[in-house]
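This report concerns a protein chain with a bound ligand. It addresses the confidence of the model and then the surroundings of the ligand.

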Amino acid sequence: MSTEETLSNLLHETRRFEPPAELAESANVKAEVYARAAGDREAFWAEAAERLTWAEPWTRVLDDDNAPFYQWFTGGKLNAAYNCVDRHVEAGLGDRVAIHWVGEPVDDKRTITYTDLQREVAQAANTYAAMGVGSGDCVAIYMPMIPEAIVAMLAAARIGAIHTVVFGGFSAEALAARVEDCGAKLIVTADGGWRRGAHSALKPTVDEAIEKLGDRGKVSNVLVVRRTGQDIDWNADLDVWWHDSVATASTEHTPEAFDAEHPLYVMYTSGTTGKPKGIKHTTGGYLTQAAYTHWAQFDLKPDTDVYWCTADIGWVTGHSYIVYGPLANGVTQVLYEGTPDAPERGRWWKIIEEYKVSLFYTAPTAIRSFMKQGDAIPAACDLSSLRVLGSVGEPINPEAYVWYKTVIGGGAPVIDTWWQTETGATMMTPLPGVTAAKPGSAMGAFPGITVDVVDDEGNSVPNGSGGYLVVTSPWPSMLRTIWGDDQRYVDTYWARFKAQGYYFAGDGAKKDEDGDIWVLGRVDDVMNVSGHRLSTTEIESALVSHPYVAEAAVVGATDPDTGQAVVAYVILRESAPGDCERELSDHVRKEIGPIAKPKRIMVVPELPKTRSGKIMRRLLRDLAEGRGVGDTTTLADSSIMELIAAGKAAATDE
Ligand code: WTA
């Protein structure tokens, strides 16, 4: 029994996809970038920062005097909203479409140019100021995916207020906890939004959150966009309609420049347990890395590309790759309000066809659910405009990657971007014009970023082995602290490898024989079978590589013989026959070896997922170990665990 092993390396993937010649030829960044960035990281990031417009230049690129409380571009001043909006108008691009907004009801559309955006952001900034919101105050945003959500964020940034966007699917309890933690003075919301063909109310949740907070709350106004027109309660002391205030405010507003380290936003990330952490991001370094990575990893040509990121504005992906990165780059983008299957399963593909989307960014969970539905639905649309595809949020199984690349992308390069709420922007990814990408691998660090895979002692593991993913030097868009809890910041991210000064990401990873990096999922999910530490990802990918399987979640359940045993929950593709558990189990044995063979396989209709689409393996582990359904409050759909449990009971009875 090997106890030395930090994480086993199981899956061997040999496919490689070279960049298309034409793309490589005209790419924004070429292979030389890696050596240049490594040669002088600070000079590299300083050059990236020069792409922004600064009111005052910085005096120091990286200030590491008080590690791990790093600072970037100290002394510099800029305005994030000016960089995302006004400077494009000043450059003569005011008529360029910033947002092609698509509502969920078909034909509910709006087109917003950079000039329109500038006016509306100025109006909202004036409205906030009139409500007594100023620099350093916090604005909570609880909105559907409508253009006003972006305006609400940029207006806060424009006046130096800190925004905290709370995903519209969160409960009053969750909203109240976040509003209290950041001390928000203003909440921006809407009566409701459209979801799956119906109104989904938001304002009543805000009312409930404010009531829950009572004296602990500091909210002095609620600014309400009328989106659905549904009935809502009105509190004349607090509530103000957007159309009565923002829409009538002056369109003139002079932006003030703020310090590079001025807080831009706080984004709460729950993890799977404990009090949510308020991740604090600041202005200059964050905007630099969000904008530069977006431009480089998508090979963005702002004059001709149409970009679409399907994330919700309530997640960090929406912050960095809908709002700050793309708008700082002057992009034309699609913003879609609804769900992928409303009113029909092919809705996303129709939108890509209609707007000729060329750069597309989504999550593995969405890709796998489309894969389950088969190829015919996307095949009915013309997707030939797509030229770079991105994936983020979870490891992408090689089979899902290949499906995405071929069926959706017609062979276009896929960038598998690894990053976190805490990192603010991409940390690892292939580059579409440079890297010969391997399906399922984030490949390696972005230029100017340094990562490694290390063992328990913090030593770099050799190629062919697994361990912990770490970031070995500070980066511009890094979190600055956990809001109101510096100690928790140090303990959570910097204590594990304190001696080396590494940032501990909480993910397991391996280096393959070429030294390319594969993220293997959260360290908390690692199983220990007969002394072998196995990651969930590789076994799941082996299952998904079988033509019957669309999605899989693997957990370790206590086992008298092996310590833990592999238990797999699978969703079958619509074309699969019933009764295939044995075949799937044998398939895993064949693909990665007997050690990884699932002891039990359960076919389920759905998997428990967080609201941002990540599989919650902890709940499945509880179930596999007979602890019942457990706490399902953080699930997107809390009834799913009941469904799975019922199916499991049936399977055991047989
Ligand atoms: C996971 C989302 C593998 C990982 C931007 C990370 C990934 C967590 C990838 C952060 C990827 C994200 N490959 N795993 N390309 N991207 N993850 O904070 O476990 O919502 O630590 O940020 O998602 O999730 P978060």
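## Model confidence

In this predicted model, helix 10 (residues 284–297) has the highest mean pLDDT among the elements of the protein chain, at 99, whereas helix 20 (residues 640–653) has the lowest, at 67. Across the protein chain the average pLDDT is 94, and 98% of the residues score at least 70.

Over residues 649–654, pLDDT stays under 50. For this stretch the model has zero contacts beyond four places in sequence. Where pLDDT is low, the predicted coordinates should not be read in detail.

## Residues around the ligand

The ligand is surrounded by 16 residues, of which Asp416, Thr417, Thr421, Asp507 and Arg522 are the closest. By class, the residues of this shell comprise six nonpolar, five polar and five charged.

## Polar contacts and burial

Two side chains place an N or O atom opposite an oxygen atom of the ligand: in aspartate 507 the separation is 2.7 Å, and in glutamine 420 it is 2.9 Å. The backbone also takes part, with an N or O atom of proline 395 lying 3.3 Å from a nitrogen atom of the ligand.

Taken alone, the ligand exposes 530 Å², and the protein buries 91% of that area. Helix 11 (316–328) and strand 25 (517–522) are the elements that give two or more residues to the shell around the ligand.

Note on methods
Residues numbered from 1 in each chain as written. Predicted model: local features only at pLDDT ≥ 70, side-chain atom pairs only at ≥ 80, totals over all residues. Heavy atoms only, no water. Near = heavy atom within 4 Å. Polar contact = N/O pair within 3.5 Å; in protein donor to acceptor, adjacent residues only side chain to side chain. Areas by Shrake-Rupley, 256 points an atom, 1.4 Å probe, with all protein chains shown as cover. Helix = DSSP H or I, 4+ residues; strand = E, 2+ residues; numbered from the N terminus. Nonpolar A, V, L, I, M, F, W, Y, C, P; charged D, E, K, R; others polar. pLDDT = per-residue confidence, 0-100. Contact = heavy atoms within 4.5 Å.
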